[in-house]
Amino acid sequence: AARAIGFTLAAELRACGVDLSFTPVLDLDYGVSSVIGDRAFHRDPQAVVQLAGALIDGLHAAGMACCGKHFPGHGHVAADSHLAIPVDDRNLAAMADDLLPYRKLKLDAVMPAHVIFPQVDSRPAGFSPVWIDRLRHEFGHAGVIFSDDLSMEGASVAGGVVQRAEAALEAGCDMVLVCNRPDSADELLQGLLYEMPATAKARLVQMRGRTHDESLAQLHERHDFL
């Protein structure tokens, strides 16, 4: 069922001209988060790996890349990072379950959380070179890293929208997102001085290429997948 949902999601979005969805949510359902809730697949990390893996298979079969979120995990804190600055006081050992999906799944892209883990770094994960370096080297993620929405309250610790973008890019994000404040997007485009590194361009080109290897006509013929 998860595989069929992934295929349907990707095929219907591609039919509308959308070639990337920021899915799947890999956060665990601890029953405390005010924003993750039933967006999570499960509390058991092995179940998350199986279900998210099947959804990703469906996305890929329909020619769409995946983006796992919110690294290293948003499910253990009650606060909603859209409205507050969540802090998770656990150490790395206590976060082993949350990290398992990122160790097991092959992800085309990852989105870090606007959550602070003070036992690892004082900055939110999406602004933290400590976390992003760990994602690249310990977890072996070679794909794209997107920031979470910079218009969220959880990003406010970095300053204004230009400072937020600078912090995310300096930490190692390849692209930054401004999703709910068109005025902030305009401010960012006018104020950000940034030249994308060749490595980031290569990752984006590779990810985008994966979404165009089947035509929509071919997708419509693949009804047997469902």
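This is a short walk through one predicted model, from the overall fold down to single residues.

Let's start with the whole chain. It has eight helices and six strands. Along the sequence, the pattern reads α-α-β-α-β-β-β-α-β-α-β-α-α-α. The radius of gyration is 17 Å, and the globule rule gives 17 Å for 226 residues, so the chain is as compact as a globular protein of that length. Along its principal axes, the C-alpha trace spans about 50 × 40 × 30 Å.

Next, how the chain packs. Of the 226 residues, 49% are buried. Take the contacts with a separation of 6 or more. Residues 24 or more positions apart account for 75% of them.

Now the interior. How many residues does the largest nonpolar core have? It has 42. The ones with the most contacts inside it are Leu 26, Phe 71, Tyr 102, Leu 105, Leu 107 and Trp 131. Five helices each supply at least two residues of this core: α1 (2–15), α2 (45–61), α3 (96–104), α4 (129–137) and α5 (161–171). The largest share comes from α2, with seven residues. Apart from this core lies another one, of 10 residues. Met 111, Phe 146, Leu 204 and Met 207 are among them.

Pick out Leu 107 from the list for the largest core. Set aside residues up to four places away in sequence. Leu 107 then touches Leu 26, Ile 56, Cys 66, Gly 68, Tyr 102 and His 141. Keep Leu 26 and Tyr 102 in mind, as both also line the largest cavity.

On to the backbone around strand β1, which covers residues 67–71. A cis peptide bond joins Lys 69 and His 70, with omega about 5°. His 70 sits within β1. There is also a cis bond from Phe 71 to Pro 72, with omega near 0°. Pro 72 belongs to the loop between β1 and α3. Phe 71, you'll recall, is one of the residues with the most contacts inside the largest core.

Stay in that loop for a moment. Ser 81 is found there too, between β1 and α3. Is Ser 81 buried or exposed? Its relative accessible area is 2%; the cut-off for buried is under 20%, so Ser 81 counts as buried. What does Ser 81 touch, leaving aside neighbours within four places in sequence? It is in contact with His 74, Pro 86, His 114, Met 152, Glu 153 and Gly 154.

Now for the empty space. Rolling a probe the size of a water molecule over the atoms shows where such space is left. The structure holds one cavity of 30 Å³ or more. The largest cavity has a volume of about 30 Å³. Which residues line it? They are Leu 26, Asp 27, Leu 28, Pro 72, Gly 73, His 74, Gly 75, Asp 98 and Tyr 102. By class, this lining has four nonpolar, three polar and two charged residues. Notice two names from earlier. Pro 72, from the cis bond with Phe 71, is in this lining. So is His 74, a contact of Ser 81.

Then the pockets. The largest pocket holds about 240 Å³ of space. It is lined by 18 residues, and the closest to its centre are Lys 106, Leu 107, His 141, Ala 142 and Gly 143. Leu 107 and His 141 also touch each other. Helices α3 and α7 (198–209) each supply at least two residues of this lining. Helix α7 gives the most, with three. The lining divides into nine nonpolar, four polar and five charged residues.

The second largest pocket holds about 190 Å³. It has 16 lining residues, and Lys 69, His 82, Met 111, Asp 148 and Met 152 lie nearest its centre. The elements giving two or more residues to this lining are β1 and β5 (144–149). The classes here are seven nonpolar, five polar and four charged. There are links back here as well. Lys 69 is part of a cis peptide bond. Met 111 belongs to the core of 10 residues. Met 152 is in contact with Ser 81.

One last stop, in helix α1, where we find Arg 14. Arg 14 is buried, with a relative accessible area of 12%. Arg 14 and Gly 63 are 49 residues apart in sequence, and 8.4 Å apart in space, C-alpha to C-alpha.

How values were computed:
Residues are numbered from 1 along each chain as its sequence is written. This is a predicted model: local features need pLDDT of at least 70, side-chain atom pairs count only at pLDDT 80 or more; totals for chains, interfaces and linings use all residues. Side-chain values use heavy atoms; hydrogens and water are left out. A nonpolar core is a set of buried Ala, Val, Leu, Ile, Met, Phe, Trp, Tyr and Cys residues joined through side-chain atoms within 4.5 Å. Buried means under 20% relative accessible area, exposed over 50%, partly exposed in between (1.4 Å probe, protein chains only). Helices (H or I, at least four residues) and strands (E, at least two) are DSSP runs, numbered from the N terminus. Contact means heavy atoms within 4.5 Å. On a 1 Å grid over the protein atoms alone, a cavity is a set of points where a 1.4 Å probe fits but cannot get out, and a pocket is an open set with protein on both sides within 12 Å along at least five of seven lines; lining residues have an atom within 4 Å of a point. Grid points are joined across faces, edges and corners, and a volume is the space filled by probe spheres set on the points. Ala, Val, Leu, Ile, Met, Phe, Trp, Tyr, Cys and Pro count as nonpolar, Asp, Glu, Lys and Arg as charged, and the others, Gly among them, as polar. The radius of gyration is taken over C-alpha atoms; the globule rule is 2.2 Å times the number of residues to the power 0.38.
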